[in-house]
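Take a look at the chain below. Start with its overall make-up, then follow the text to single residues and to the empty spaces inside.

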Amino acid sequence: MVCFRLSPVPGSGLVLLCLVLGAVSSYALELNVTDSEKATCLYAKWQMNFTIHYETTSKTFKTVTISDFSTATYNGSICGDEQNNPKIVVQFGSGFSWTVNFTKEESTYSIDGISFSYNISDNTTFPDAKDKGILTVRDAVGFRIPLNNIFRCNSLSTLEKNGVVQYYWDVHVQAFVQNGTVSTKEFLCEKDKTVTTVVPFVPTTAPSPTVTPAPREKPEVGSYSVNNSNGTCLLATMGLQLNLTHDKVVSVININPNTTDFTGSCQPQTALLRLNGSNIKYLDFVFAVKNENRFYLKEVNVSMYLVNGSAFSIANNNLSYWDAPLGSSYMCNKEQTVSVSGAFQINTFELRVQPFNVMEGKYSTGKNRASFINNLCSYVD
């Protein structure tokens, strides 16, 4: 028997569902597998999404983000027996499936591997895809956890293989649950062990969205980069200030680069820079190539926890900022605003980005195309 529920972030109610799952980006998937005596044997709660880069028939590349699990089912999730090990199996969307396998040793159990399959023949999700059929990526994980411990990893974890990037956070899982009771003893992932204190953001608030919050000091400028097998493939230098409206409260949040982690990926036609911190699950900047000779900021996705514990998530994949020729870097010393939605804007300071054609790990250093003394924005090639 499999029951599961949607678990909103702290401060919201909880709805228990069996056999049907409705999930949105601000909810966690929660799975409770029971044995023949209706005792819990396998428990998991987690959040995830997937970014898939694929080639089209016209030899360009596109990126698809999978984050809707409203059609999820759990057929095949089992406690395990003498012949079969426990596993979590999730089906969602149009031909997507995700499987986690567990094994047991004397005093430990392991998260052995994760498999993710997707149907690239689905023209709605993967328009004009060159490949066809079901494609699968498999990653060996190999976490060993003491028996009767629940594994916990609130920090963002990523797996990247064959153009697929898997993102996981707020993970709680225990296989081989003893006596039907999920353990309160936690075994932490390495990233969570290094976080001794979680300092919440302290936003400036106003009673209504029509009232502008008190000005904040300029954010510190951070330097970010993404590497692939050929070396550095993306460079970004910028101060970031988030302006958001949630439940009629306006907040201004400065990103501290000293406490912000970053990762990403580079493809011929797209590039991703992902930031995350103690309260930011992810802040994505997705760049794309247009007309085969220019790049621009095409997409911004954000998911984060606010100081009151509520969740805030916004995505926009139809932007057009920071346009510059390939082989150059876009630069803007003055304060600039990226309007993601009516509820979310990003102010940038001392911005410089180069998501493609980075040479020797350095920005393009040719002639300035604008007078930055006069605070104009342009590019350097």
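Strands here are DSSP runs of E at least two residues long, numbered from the N terminus. With that in hand, E105 can be placed: this residue sits in the loop between strand 7 (96–104) and strand 8. The model is a predicted one.

First, the whole chain. The protein chain has one helix and 26 strands. It counts 381 residues, and 50% of them are buried. Take the contacts with a separation of 6 or more: 54% of them join residues 24 or more positions apart. The accessible surface comes to about 18,100 Å². Carbon and sulfur atoms hold 49% of that surface.

Back to E105. Is this residue buried or exposed? Neither label fits, because its relative accessible area is 37%, which makes E105 partly exposed. Leaving out residues up to four places away in sequence, E105 touches R144 and L147. E105 and L147 are 42 residues apart in sequence, yet their C-alpha atoms lie 8.9 Å apart in space.

Now step into strand 8 (residues 108–119), where S110 lies. S110 has 4% relative accessibility, so it counts as buried; the cut-off is under 20%. Which residues is S110 in contact with, leaving aside neighbours within four places in sequence? They are N101, F102, T103, F143 and R144. R144 has come up before, as a residue that E105 touches.

Next, two backbone angles. Most residues other than glycine have a negative phi. K59 has a phi near 65°, a positive value in a residue other than glycine. K59 is found in the loop between strand 4 and strand 5. At 68% relative accessibility, K59 counts as exposed. D170 also has a positive phi, of about 50°, although it is not a glycine. This residue lies in strand 12 (residues 164–175). D170 is buried, because its relative accessible area is 14%.

Turn to the empty spaces. Rolling a probe the size of a water molecule over the atoms shows where empty space is left. About 570 Å³ of space lies in the second largest pocket. Its lining has 32 residues, and the closest to its centre are T63, V64, T65, E299 and N317. Which strand gives the most to this lining? Strand 19 does, with six residues. Strand 4, strand 5, strand 18 (270–276), strand 20 (294–305) and strand 21 (311–316) are among those that supply at least two each. By class, the pocket lining divides into eleven nonpolar, 14 polar and seven charged residues. Where does the pocket lie? Domain 1 (29–192) and domain 2 (221–360 + 373–380) both give residues to its lining, so the pocket lies between them.

Closed spaces come last. The structure holds three cavities of 30 Å³ or more. The second largest cavity has a volume of about 50 Å³. T51, H53, T63, T65, L272, D284, V286 and N301 line this cavity. Strand 4 (40–55), strand 5 (61–66) and strand 19 (280–290) are the elements that give two or more residues to that lining. The cavity lining has two nonpolar, five polar and one charged residues. It draws at least three residues from each of domain 1 and domain 2. T63 and T65 line this cavity, and both are among the residues closest to the centre of the second largest pocket.

Definitions and conventions:
Residues are numbered from 1 along each chain as its sequence is written. This is a predicted model: local features need pLDDT of at least 70, side-chain atom pairs count only at pLDDT 80 or more; totals for chains, interfaces and linings use all residues. Side-chain values use heavy atoms; hydrogens and water are left out. On a 1 Å grid over the protein atoms alone, a cavity is a set of points where a 1.4 Å probe fits but cannot get out, and a pocket is an open set with protein on both sides within 12 Å along at least five of seven lines; lining residues have an atom within 4 Å of a point. Grid points are joined across faces, edges and corners, and a volume is the space filled by probe spheres set on the points. Helices (H or I, at least four residues) and strands (E, at least two) are DSSP runs, numbered from the N terminus. Ala, Val, Leu, Ile, Met, Phe, Trp, Tyr, Cys and Pro count as nonpolar, Asp, Glu, Lys and Arg as charged, and the others, Gly among them, as polar. Domain bounds come from an automatic or database domain assignment. Buried means under 20% relative accessible area, exposed over 50%, partly exposed in between (1.4 Å probe, protein chains only). Contact means heavy atoms within 4.5 Å. Accessible areas come from the Shrake-Rupley method with a 1.4 Å probe; for residues, only the protein chains shown count as cover.
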